[in-house]
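Trainee: Could you walk me through reading sheets and helices in a model like this one?

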Amino acid sequence: MLVAADKFKGSLTAVQVAQRVTAGLHRVAPHVEVASLPVADGGDGTVDAAVAAGFERREVRVAGPLGQEVTAAFALREETAVVEMAEASGLQRLPAGVFAPLTASTYGSGELLRAALDAGARTIVFGVGGSATTDGGAGMLSALGARFLDADGEPVPPGGGALADLATADLSGLDPRLGSVELVLASDVDNPLTGPKGAPAVYGPQKGASPDDVQALDEALAHYAKVLESAVGARAAEQATAPGAGAAGGIGYGALLIGARFRPGIDVMLDVLGFGPALDRADLVITGEGSLDEQTLHGKAPAGVAAAARAAGKEVVAVCGRLALQPAALGGAGIRRVYPLTDVEPDLAVCLSDAGPLLERVAEQIARDFLV
């Protein structure tokens, strides 16, 4: 049996989910062999999943989204690094209740990429999601050697809002090592940079952006792309509309500009984590995440796990905190049955606070249904 679940956001990490499910299974079927492979789709928790799969955790001091120094981690195994932008520039790096939609910067994410290069990485999986930022990756590019100047020749201030004053962009100083590494942009969203489906419109409100802020950011990022087109040519305009450009407040756009290749985050992570060999040894796969809903079907970890398992002819069940999908949708995704915590405890607040013990009880039921 293989437990390959994502985190229950706000309650349990992916590692803790695997531990709790395993404990519940063993309470009913103590002799069953259970392998765990915590998974992530490129968002927060991606580095932890890599470390659980045998990567080495590396820590470095970088700039947080407001410029404050934070300790962020990336994962390294041989010449492959897993870098998670949320470690440096994620919403969890903001003080409680504080948002900075116009001024939050991805500079620290660029510092993390530079640290991975310093560590000798030749392949970098850049997981993006959970960002506090909407700066189109300008901060990240600045940390890697790009210069963004206003009409007076001064560096524009941090954040997406200030890009409205951008006059010139100079990418000639980018770290030359970027040209010799494979950079993979791992994300579960394929939005363009701007427009009705762009980063500000779709994700800005989650980061505290008012309707006026959303409009200002959308205009600033469109202007940023035009200035970059003058600096590096037509590819800057093409990449602004490419899938993934709008990921994590547009950091996907910055990554594409420096040669990243976009892939769905869960597909990348399953490859990196060694899901195929683990799947070969399993008869039943247990996946899941905190909420199984429509978003799950669009590139989230459980859908990716289920698709890979179904292709290999393996049966899949899922655990979750709450279930908001119909049986037909679950069957179409390759999930035979779902075990939500709300079946055990209808109160969602209790599900959040006591997720661990409840998940063990759910796993006991899975063991009774499939192992006894």
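Mentor: Gladly; we will take the sheets and then one helix. Keep in mind that this is a predicted model.

Trainee: Let's begin with strand order. What is the order of the strands in the open sheet of five strands?

Mentor: Strand order is read across the sheet, from neighbour to neighbour. Here the order is 2-1-11-12-13, and the pairing is parallel.

Trainee: Which strands stand at the edges of that sheet?

Mentor: An edge strand is recognised by its partners. Strand 2 (35–36) and strand 13 each have a single partner strand, so one side of each lacks a neighbour in the sheet. For strand 2, the pairing is with strand 1 (residues 2–3), parallel and over two bridges. Within it, L2 has A35 as its bridge partner.

Trainee: How many bridges join strand 11 and strand 12?

Mentor: Strand 11 (residues 284–292) and strand 12 (residues 315–323) are parallel and share eight bridges. To find the register, look at L284, which stands opposite E315 in strand 12. Between the two strands the chain passes through helix 12 (residues 301–311), giving a right-handed β-α-β crossover.

Trainee: And what does the chain pass through from strand 12 to strand 13?

Mentor: Helix 13 (residues 327–332) makes that connection, and this β-α-β crossover is right-handed too. Strand 12 and strand 13 (residues 337–340) run parallel, joined by four bridges. A handy marker is A318, whose bridge partner in strand 13 is V338.

Trainee: Which strands does helix 15 lie across?

Mentor: For packing, look at both the contacts and the angle. Helix 15 (residues 355–370) lies across strand 11, strand 12 and strand 13, at about 150 degrees to strand 13.

Trainee: Now the six-stranded sheet. What is its strand order, and is the pairing parallel or mixed?

Mentor: This open sheet has the order 3-4-5-6-9-10, with mixed pairing. At its edges are strand 3 (56–63) and strand 10 (261–264); each has a single partner strand, so one side of each is left without a neighbour in the sheet. Direction ignored, neighbouring strands here are turned against each other by 30 degrees on average.

Trainee: How many bridges join strand 9 to strand 10?

Mentor: Strand 9 (residues 182–187) runs parallel to strand 10, with four bridges between them. Here V184 stands opposite R261 in strand 10. Helix 4 (residues 107–118) packs on this sheet, and its direction makes about 140 degrees with that of strand 3. Another helix to inspect is helix 10 (residues 265–273), which lies across strands including strand 9 and strand 10 and runs at about 90 degrees to strand 10.

Trainee: Let's finish with a helix. Why does the span of helix 7 agree with its 22 residues?

Mentor: The check uses the rise per residue. At 1.5 Å a residue, helix 7 (residues 211–232) should span 32 Å, and its end C-alpha atoms are 31 Å apart, which agrees.

Trainee: Which residues of helix 7 are buried?

Mentor: They are D213, V214, L217, A220, L221, Y224, A225, V227 and L228. These residues lie on the same side of helix 7, because they cover an arc of only 165 degrees around the axis. On the other side, P211, D212, K226 and S230 are exposed.

Trainee: What covers the buried residues of helix 7?

Mentor: The cover includes helix 5 (138–143), strand 7 (147–149), strand 8 (168–170), helix 6 (199–203), helix 8 (235–240) and helix 9 (247–257). Finally, look just past the end of helix 7, where G233 takes a positive phi of about 100 degrees.

Key
Residues numbered from 1 in each chain as written. Predicted model: local features only at pLDDT ≥ 70, side-chain atom pairs only at ≥ 80, totals over all residues. Heavy atoms only, no water. Pairing = 2+ DSSP bridges. Right-handed = clockwise from strand over helix to strand, strands pointing away. Expected span 1.5 Å × (residues − 1). Buried < 20%, exposed > 50% of the residue type's maximum accessible area, 1.4 Å probe, protein only. Arc of directions from axis to C-beta. Contact = heavy atoms within 4.5 Å. Axes fitted to C-alpha atoms, helices over the stretch in contact; angles between N-to-C directions.
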